[in-house]
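Q: I'm new to this one, could you walk me through a few parts of it?

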Amino acid sequence: QVQLVESGGGLVQPGGSLRLSCEASGLRFRLYTMAWFRQVPGKEREFLASKSYRDGRTNYADSVRGRFTISRDNAKDTAYLQMDSMKPEDTALYFCAASGRDRPSYSSHYSYWGRGTQVTVSS
């Protein structure tokens, strides 16, 4: 019944920007910490950013800190990932995830996952 649907992926030039959206349904969105991950074929899933449902605290991976920004709109049950100054190495399948913990530390702490949206950075 719970569903997370990512959108906004596509092709963008190096140095450009893109904003991803994650629409949630079937859960009390305001009580879930939201996060973004990405994965390239043959590599492990990589944590990117999270935003706590309790205090709004954010957490970023070193690879995207200063370039990516996570946000959420509880009135719309939607999380966002604003990506700026994009690089070719940002090319990946991007996933959103939801956790009932206020400060998740492991991927196993996330109960729900979207199916992903493809992002390609190329000129």
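A: What follows covers a sheet, a phenylalanine and two loop residues, and please keep in mind that the model is predicted.

Q: Sheet then, what's the strand order in the open sheet of four strands?
A: The order is β1-β3-β8-β7, and the pairing is antiparallel.

Q: And which ones are the edge strands?
A: Those are β1, covering residues 3–7, and β7, covering 68–73, each of which pairs on one side only. From one strand to the next, the twist averages 15°.

Q: How many bridges join β1 and β3?
A: There are five bridges between β1 and strand β3 (residues 18–25), which pair in the antiparallel sense, and within that region glutamine 3 stands opposite serine 25 in β3.

Q: Switching topic, where is phenylalanine 47?
A: Phenylalanine 47 belongs to strand β5, residues 46–51, and leaving aside neighbours within four places in sequence, its contacts are with Ala35, Trp36, Phe37, Asn59, Tyr60, Ala61 and Tyr110.

Q: Why is phenylalanine 47 called partly exposed?
A: Because its relative accessible area is 24%, and partly exposed is the range between under 20% for buried and over 50% for exposed.

Q: Now the loops, what's the phi of aspartate 77?
A: Aspartate 77 has a positive phi of about 50° although it is not a glycine, whereas most residues other than glycine have a negative phi. Aspartate 77 sits in the loop between β7 and β8 and is partly exposed, with a relative accessible area of 28%.

Q: And what about the phi of serine 85?
A: Serine 85 also has a positive phi, near 50°; this residue lies in the loop between β8 and β9 and is partly exposed at 42% relative accessible area.

Terms used. Residues are numbered from 1 along each chain as its sequence is written. This is a predicted model: local features need pLDDT of at least 70, side-chain atom pairs count only at pLDDT 80 or more; totals for chains, interfaces and linings use all residues. Side-chain values use heavy atoms; hydrogens and water are left out. Two strands pair if DSSP finds at least two bridges between them. Helices (H or I, at least four residues) and strands (E, at least two) are DSSP runs, numbered from the N terminus. Axes are lines fitted to C-alpha atoms, for helices over the stretch in contact, and angles run from 0 to 180 degrees between N-to-C directions. Buried means under 20% relative accessible area, exposed over 50%, partly exposed in between (1.4 Å probe, protein chains only). Contact means heavy atoms within 4.5 Å.
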